[in-house]
Amino acid sequence: MGRRVVITGTGLVTALGTGVEKTWSALLAGTSGISRITRFTDPKLTVNFAGEVKDFDAEKFFEKKEARRLDPYCQFALAAADMAMAEAQPPVGLDTPNGYDPERFGVIVGSGIGGLMAFEESAHVGTTKGWDRLSPFFILKMISNMAPGRISMKYQAKGPNWGPVSACSTSGHAIGEAYLKIVSGEIDLAVAGGAEAAVCVTGIAGFEAMRALSTNVANPAGASRPFDKDRDGFVMGEGAGIVVLEEYEAAKKRGAKIIAELIGYAANSDAYHETQPAPDGEGAVRCMKLALKSAKLNPEDVGYINAHGTSTPFNDANETKAIKTVFGAHAKKLMVSSTKSMTGHMLGAAGSVECA
């Protein structure tokens with residue numbers, strides 16, 4: 001049997017607020033963080049609303065000069081990591097008697113798209129002012145593994161350091177892969193999760209062209225309506241979710257507050273289509289069964305599912321069928337909800353935000 005893994009810190013940046021307390025309080029109140037986009041307007045776009053982060057003050061986390069060198073997705077990731085590490089106190093203390101060996105401290109933080117705002121801004125500069133005017137920080141702002149890289153430098157985490165990219169599954173995979181590395185004994189501590197900042201003209205226009213977004217411009221706050229018969233597409237969200245994972249005995253020894261235990265993980269593919277799930281959620285059925293097997297649980301042991309629930313016609317119908325297939329009669333007793341109704345779909349950050 002592998003080692004036990006616990007969560008000792010959480011950090012959130014969402015459309016509901018910066019910080020776990022703000023986001024959690026808003027969720028409990030049923031508040032929607034979805035509203036008209038304030039960052040830009042474009043009359044050629046039908047969709048003008050999103051789960052936009054509005055209260056984030058970069059200068060609370062970075063010097064002004066440093067903030068200018070970071071794409072918002074990276075700012076969100078670093079800020080959420082700061083909050084998660086702060087909650088994981090007593091100090092993790094890499095150089096203390098109860099601390100961790102830096103070489104056994106990993107960072108796995110992903111982004112589905114990476115620095116899209118940096119890409120959009122640089123493309124505009126290049127086409128209007130000349131390509132010789134690009135910032136030397138353009139590539140560094142754009143690449144999606146800059147977030148785990150910057151986090152590792154701040155906390156001197158010298159273990160595995162990388163960023164998975166698997167669309168909406170990105171940060172779920174990040175947490176799961178970090179979990180496996182602790183279970184196997186490769187590392188003892190990990191910062192894991194994801195971040196996204198695609199609420200920009202390019203991001204909205206791209207998903208609008210795919211006809212994936214809700215066009216309910218008359219009611220932005222109610223546009224993300226997972227499992228509702230009138231759902232018409234997802235609503236873009238942005239932000240970050242980060243968790244601190246530790247080996248249980250080490251966390252207990254240093255007196256850490258244990259928030260939760262992570263007991264299973266599975267990942268697979270339905271090998272079916274770029275954007276649509278396989279009929280009846282075939283891939284999700286297998287993945288949930290594998291997760292239950294990994295956790296050594298029976299279907300009846302599960303009380304709540306935080307569903308993917310994107311508010312798209314295809315996902316919600318197939319996900320419902322998958323849950324009923326896996327859980328059988330117990331499905332009627334399960335509590336199921338999708339917090340995307342309030343945060344929007346945060347793409348690569350979705351899984352870790354929902355975990356936190």
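1. Contact here means heavy atoms within 4.5 Å. The model under review is predicted. With that cut-off in hand, start at the pair α10 and α11. A284, V285, M288, K289 and L292 in α10 meet A322, I323, T325, V326 and F327 in α11. By type, the residues of this contact split into 8 nonpolar, 1 polar and 1 charged.

2. Next, the geometry of that pair. Helix α10 covers residues 282–295, and helix α11 covers residues 313–327. Their axes come within 9 Å and cross at roughly 45°. Therefore α10 counts as oblique to α11. The crossing of α10 past α11 is right-handed.

3. Now the largest nonpolar core. This core holds 56 residues. Which of them touch the most other members? They are V13, F56, V109, I151, V191, I204 and M236. As background, nonpolar side chains in soluble globular proteins tend to be buried together.

4. Several elements give two or more residues to this core. The helices are α3 (72–87), α4 (116–129), α6 (146–155) and α8 (201–209). The strands are β4 (49–50), β5 (105–110), β7 (189–196) and β8 (239–247). Which element gives the most? That is α3, with 11 residues.

5. F56 deserves a separate look. Leaving aside residues up to four places away in sequence, F56 touches V13, T18, F61, F62, Q75, F76 and A79. Among these partners, V13 is also listed with F56 as one of the core residues that touch the most other members. Q75, F76 and A79 fall within the span of α3 (72–87).

6. There is a second core, separate from the one above. This second core has 15 residues, including V5, I7, I175 and A192.

7. Two backbone points are worth checking by eye. Q156 has a phi near 55°, a positive value in a residue other than glycine. Q156 sits in the loop between α6 and β6 (161–162). Is Q156 buried or partly exposed? Its relative accessible area is 40%, so Q156 is partly exposed.

8. The other point is S311. Its phi is also positive, at about 80°, although S311 is not a glycine. S311 lies in the loop between β10 (304–306) and α11. With a relative accessible area of 0%, S311 is buried. So the two loop residues part ways on burial: Q156 is partly exposed, whereas S311 is buried.

Terms used: Residues are numbered from 1 along each chain as its sequence is written. This is a predicted model: local features need pLDDT of at least 70, side-chain atom pairs count only at pLDDT 80 or more; totals for chains, interfaces and linings use all residues. Side-chain values use heavy atoms; hydrogens and water are left out. Axes are lines fitted to C-alpha atoms, for helices over the stretch in contact, and angles run from 0 to 180 degrees between N-to-C directions. Helices (H or I, at least four residues) and strands (E, at least two) are DSSP runs, numbered from the N terminus. Angles under 35 degrees count as roughly parallel, over 145 as roughly antiparallel, 65 to 115 as roughly perpendicular and the rest as oblique. A crossing is left-handed if the near helix is turned anticlockwise from the far one by less than a right angle, and right-handed if clockwise. Ala, Val, Leu, Ile, Met, Phe, Trp, Tyr, Cys and Pro count as nonpolar, Asp, Glu, Lys and Arg as charged, and the others, Gly among them, as polar. A nonpolar core is a set of buried Ala, Val, Leu, Ile, Met, Phe, Trp, Tyr and Cys residues joined through side-chain atoms within 4.5 Å. Buried means under 20% relative accessible area, exposed over 50%, partly exposed in between (1.4 Å probe, protein chains only).
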